[in-house]
Amino acid sequence: MAAGQEFRFAKIVGQVFLVALSLFTLFPIYYIVTASLKGKEEYLLNNLGLPHGVALENFRSLFADFAFVRWLVNSVLVTSLVLVFGLLVCCLAAFALRRYTFRIKGLLLRFIASLMLIPPIIAIVPLFEFFVRIRLINSLAGVIIIYIGFIIPFTIYLVYSFFVTIPGEMIEAGVIDGCRDLRLLFWIFIPLSVPAIVTSIVVNAMWVWNDLLMAMVFLQSDRLKTLMAGLIAFRSRSNINLPLVMAGLLVSTIPIAALYLSGQRLFIKGLMTGLEK
Amino acid sequence: MPARLEKSAVTRVRIALYLAPALLLSLLVFFYPICKTIYNSLHELVLGGANAGASRFVGLGNFRFVFKDPLFAESLGHNFLLFLVCVPLLVVLSVAVAVLLNQGMTGWRAYRTIVFIPYVLPIVVVGISFGFMFQLNGVINTAFAALKLDALRVDWLAKSNSAFLVLVVMIVWKELGFGVVIMLARLLSVDESLIEAGRLDGCNSWQLTLRVIVPQMKEIIYFYTVLATITVFTWLFNYVFVLTRGGPGTSTYILELYAYNQAFRYQNRGLSSAVAALIILAVLLVTFLPELRRLAARKEGIEHMRVPRG
């Protein structure tokens, strides 16, 4: 059976390829986790193998490090405030775009969509000069404003693409029941767009949490740094104790990975609905 | 009718109120910087003397300087090289993996999860880890020694070619998962009846994949190619900054790093803005040239959609 043999052969090649790709993908993660569990001396002797035991000393000294904890708190603070206010701003705008018709609506939507491609690097210098002038350099409020600005195009677009699918009769029914605009938004629009809300929370949280460029330019004093900017300083400060740095990397990843995992199913659904539109 | 007129005025105020915060913030973060960048690119900052801090109009002087600067040419070349290597790798691999997973390979769910993990990791974390892994006494060289591949034990990040290679590997490692996921999602909605028809015509699974399934993915492949191209030209700052800072020497310099260093290391605001203006131009070109062609066919293009990344 030539066809059957060929099929089996293709399947084996496919499996080999996928296994190789998985090993390639997992190796750096294996490295981060194992290295963070090793002692300083143990790492020097054995950087590749499994650790002797589960030594939590790196994590203990990490949380005893005042700067690191401070960066962690800053990151949590910045990310959550950006999400709360950013979503509010975007839901309001998307609501106006869905609920009402007005002359420049189409133009506005196209304008918002085209902003999604503007890379942050081009905004850095003008914003830096402007923020120096209005004294918002070195302030968490300053970066929060910038981050909110940058998540707007994607978030409005995504939320709007869900709002559009809400049937007009449903909105009418709400209006007849005496819902004012804000009640419509919070009782009808948002509950019907949970995948979009979750997706934008996950995507934007990852972006804000993981950003280095803005954090480096706009937060220069050590105690105001977010985790990502902090990690760069931490690497050079602790470069003789590599396992400690790896523990820092692991701890910085866990909150955002946990958020992603908890929203994973809705995330893929939301992203695809947005993409298919 | 005065009552109705009044209502519509109230409505108009409402619309404006709902849109205002989003619009103001977009103006601050996008519109103002774009205008100011173009203005800055035509001026230079007066550094000393009575007028220090003022802007002086220099026409296209900044652009002329940039085009003559060998470092700019080198950076642009690196962006092109990354485009030539990373984009095809990402597109081909993501289609291949998605098609394989879609055929219900044993363990496809596990593979999907694994391939997507890097997308969740912060670039800073990835960059620092790859930096450590590829040190002379790092874990990669330990692994090569264990496999008796001593010829491969080099100081990866200290030599131009190998540092560039590590950068490529890191970018593909991190970006592939996202491509696989969007390809997979597209495959879920492939027209089953066409596959059935192909099977009845006696296609084997290989022919089915190439002739029936992949052609249906044309649009998403195009979308992902545009996305990856934009990434490679304008979203790599974090990767390079964390892994090599452009080194060794200038062998991994890219446009964004050039713009960043001109502004924040050498205080050449005009030069930095000229490069930023070129980046804006490039983004517009990549986005709107194909868009203009497609405008006739599809009014609302999702081609715009981009997921923000670090």
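**Salt bridges overall**

I searched the whole structure, which is a predicted model, and got 9 salt bridges over all chains. I kept the general idea in mind: side chains of opposite charge can pair when their charged atoms come close.

I looked up A:Asp181 and B:Arg14, whose side chains meet in a salt bridge at 3.6 Å, N to O. A:Asp181 sits in helix H9 (residues 181-189) of chain A and B:Arg14 in helix H1 (residues 2-41) of chain B, so this pair joins two chains. Are the two partners buried or exposed? I have A:Asp181 at 6% relative accessibility, so A:Asp181 goes down as buried. B:Arg14 comes out at 25%, so I noted B:Arg14 as partly exposed. I also found that the pair is part of something wider: A:Arg99, A:Asp181 and B:Arg14 are linked in a network of salt bridges.

**Salt bridges inside a chain**

My next stop was A:Arg237 with A:Asp222, a salt bridge at 3.2 Å, N to O. A:Arg237 belongs to helix H12 (residues 227-237) of chain A, while A:Asp222 is in the loop between helix H11 (213-218) and H12, so the bridge ties together parts that are 15 residues apart in sequence. I wrote down A:Arg237 as partly exposed, at 47% relative accessibility. A:Asp222 also counts as partly exposed, at 30%.

Over in chain B, I picked out B:Arg153 and B:Asp150, whose side chains form a salt bridge at 3.6 Å, N to O. B:Arg153 has 41% relative accessibility and counts as partly exposed. B:Asp150 has 46% and counts as partly exposed too.

**Where chain A meets chain B**

How many residues are in contact here? I got 90 from chain A and 91 from chain B. The two chains bury about 8700 Å² between them, and carbon and sulfur atoms give 78% of that.

I then checked the polar side of this interface. There are 3 salt bridges between chain A and chain B. One that I looked up is B:Lys36 with A:Glu129, at 3.3 Å, N to O. I also have 12 residue pairs in polar contact across the interface, both residues at pLDDT 80 or more.

Which element gives the most to chain A's side? It is helix H1 (residues 2-36) of chain A, with 18 residues. By class, I sorted chain A's side into 70 nonpolar, 11 polar and 9 charged residues.

**Helix H6 of chain A**

A:Glu129 sent me to helix H6 (residues 124-133) of chain A, where 7 of the 10 residues are buried. Among the buried ones are A:Glu129 itself, A:Phe128 and A:Phe131. Just after this helix, I noticed that A:Arg135 takes a positive phi of about 55 degrees.

**The two domains of chain A**

The domain assignment splits chain A into domain 1 (2-36) and domain 2 (64-276). Their centres, taken over C-alpha atoms, are 35 Å apart. The contact between them takes 5 residues from domain 1 and 5 residues from domain 2.

I have about 450 Å² buried between domain 1 and domain 2 of chain A, with 79% of it on carbon and sulfur atoms. Which three residues supply the most of the area that domain 1 buries? A:Ile32, A:Ala35 and A:Ser36 do, with 75% of it.

I looked for charged and polar links here as well. I found 0 salt bridges across this domain interface, and 0 residue pairs in polar contact, both at pLDDT 80 or more. On domain 1's side, I counted 4 nonpolar, 1 polar and no charged residues.

Definitions and conventions
Residues are numbered from 1 along each chain as its sequence is written. Chains are lettered from A and ligands numbered from 1 in the order in which they are written. Side-chain values use heavy atoms; hydrogens and water are left out. Domain bounds come from an automatic or database domain assignment. Contact means heavy atoms within 4.5 Å. Buried area is the accessible area (1.4 Å probe) that two parts lose on being put together, summed over both. A salt bridge is a side-chain nitrogen of Lys or Arg within 4 Å of a carboxyl oxygen of Asp or Glu. A polar contact is a pair of N or O atoms within 3.5 Å; within protein, one must be able to donate a hydrogen and the other to accept it, and residues adjacent in sequence count only if both atoms are side-chain atoms. Ala, Val, Leu, Ile, Met, Phe, Trp, Tyr, Cys and Pro count as nonpolar, Asp, Glu, Lys and Arg as charged, and the others, Gly among them, as polar. Helices (H or I, at least four residues) and strands (E, at least two) are DSSP runs, numbered from the N terminus. Buried means under 20% relative accessible area, exposed over 50%, partly exposed in between (1.4 Å probe, protein chains only).
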